[in-house]
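Me: I've got a model open and would like to learn how to read its strands, its interface and its core. Can you walk me through it?

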Amino acid sequence: MGKPKANVDKKKCLACGGCISVCPQDAISWIGNKAEVNSEKCISCAICIRTCPVGAISGEVLA
Amino acid sequence: MKYDVVIVGSGPAGSVTARFASEGGAKVLVIERRAEVGVPVLCGEGISRKIDAWKIIEGKRWIAGKMDGARIYSPDKTCVTLSAEQAGNETGYVVYRDIFDQELARSAIKAGATFMMNTQATGIIKDADKIKGVRAKRFDEEIEIQADIVVGADGVESKIGQWGGINTRLDPKDLETCAQYTLTNIDVNDAYCDFYLGKEIAPGGYIWVFPKGKNVANVGIGILASLSEAGMAKKLLDDFIAKDPRMKNSSPIRFIAGAVPVANPVETVRNNLILIGDAARHVDPITGGGLTHCLEGGKIAGEVLAKAVKAKDFSQDFLSEYETRWKEAFGQKIKRNYLVKELMLDMDDKTFNKLANALKDVKFDEISTHGLVKEVAKHLPISTKLNALIKHRKEIKEIKKK
């Protein structure tokens, strides 16, 4: 089982852009005006998870 | 599609740049990923009244209220008041940012700029190493926009900087993560902006109450991302509202999240590219305010871009006039206030309470962070001053030199 990757709940995301600005891997982008993580680039550092003001990002182990 | 200048982002910095570049004769396109300029609002909506003298925004529809002053509450609720009456000068406005942004966009369009909505930049077009424009997705269609100059006005999350070779990635200690309700039926009627400090209330930041008219206010929080946990900003704000008797019968009509850079500015110029506004980190690191810099910096950027188009010179060297001029206008202030932010992070609640006690009867002759910082410096405990001197000697020296 791999490390958990950041995953954005698009229903909760209010598109503030905070996660994009702190991601050390430039792994998060706007897709349809919501933040979306490129799990191939994600290094599981969880900085975006802690930064999200509304708790819209969580760690998810990909199958 | 070929333009002299393509601006990515239709916020205040983008629109003001578009206007002054257009007035100077440049052919300008502004692209915006969202469907409406200024919507959703991502802002506490406070601005200094010094913008009155600049005459960059027309009309009055964007004004929600004129402020009479500010009150800053320390962790034990000691209140420091900065009133316009005492200082004999103007303080600020609370604005409707959606209307504010749309007025600025209207002025840009009147000057000749073209706006394109629902258009998300997806990359920079390069020929060898030379920047030639941006790639974008307009609804579902992939388009290429050729331009001599690309302007990153794409906010705190700027990608234009990254794509153009400027590292805009923020350290979590240089980002305020924010949440805000617009509350109605709130028992707030005077025209004062209130700020609440404290490690328990808002670690590395503050809670604000900005009245937007009778019984309506923006109630928001910013906390430092390095001190945050998932969803913490919203939770602390909810706790504050639940405990505040003025908000007992209130109800929200808007909920937003935000992210504010509280960093040292980045390099803003490359060949065929500049960064402006939040993308350039043109934000006061103490207050998190950036609107005045967007207007001031946007005007400078627009004027320099128009000159570049006339001279057909889009080199970093030519465009660096923009960087020189914004540094003169507010670069030094941001650097100084960044240092003050760092010092404040080292201070505990007890020190804030002591300071508030020393300042609570002071009559401020200047309502600004500068005026406040000057007074605070006078009353700081010697130990705090010494610590600051030891820890930040190099930066203090550098600022004093200039």
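Reply: We'll take the strands, then the interface, then the core. This is a predicted model, where local features need pLDDT of at least 70 and side-chain atom pairs count only at pLDDT 80 or more, while totals for chains, interfaces and linings use all residues. Residues are numbered from 1 along each chain as its sequence is written, with chains lettered from A and ligands numbered from 1 in the order in which they are written.

Me: In which sense do β5(B) and β6(B) pair?

Reply: Strands here are DSSP E runs of at least two residues, and helices H or I runs of at least four, numbered from the N terminus; two strands pair if DSSP finds at least two bridges between them. β5 (69–73) and β6 (79–83) of chain B are antiparallel, with five bridges, and B:Tyr73 sits opposite B:Cys79. They make a hairpin with five residues in between, where B:Lys77 has a positive phi of about 70°.

Me: And how does β5(B) pair with β13(B)?

Reply: In parallel, again over five bridges, with β13 spanning 192–196 of chain B. There, B:Arg71 faces B:Asp194.

Me: How many residues of chain B are in contact with chain A?

Reply: Contact means C-beta atoms, placed from the backbone, within 7 Å. By that test, 26 residues of chain B touch 20 of chain A. Elements giving two or more residues to chain B's side are β12 (175–184), α6 (232–243) and β16 (251–261) of chain B.

Me: Which residues are in contact with B:Val6, beyond its sequence neighbours?

Reply: Leaving out those within four places in sequence, the partners include B:Leu29, B:Ile31, B:Val150 and B:Val151.

Conventions
Two residues are in contact if their C-beta atoms, placed from the backbone, lie within 7 Å.
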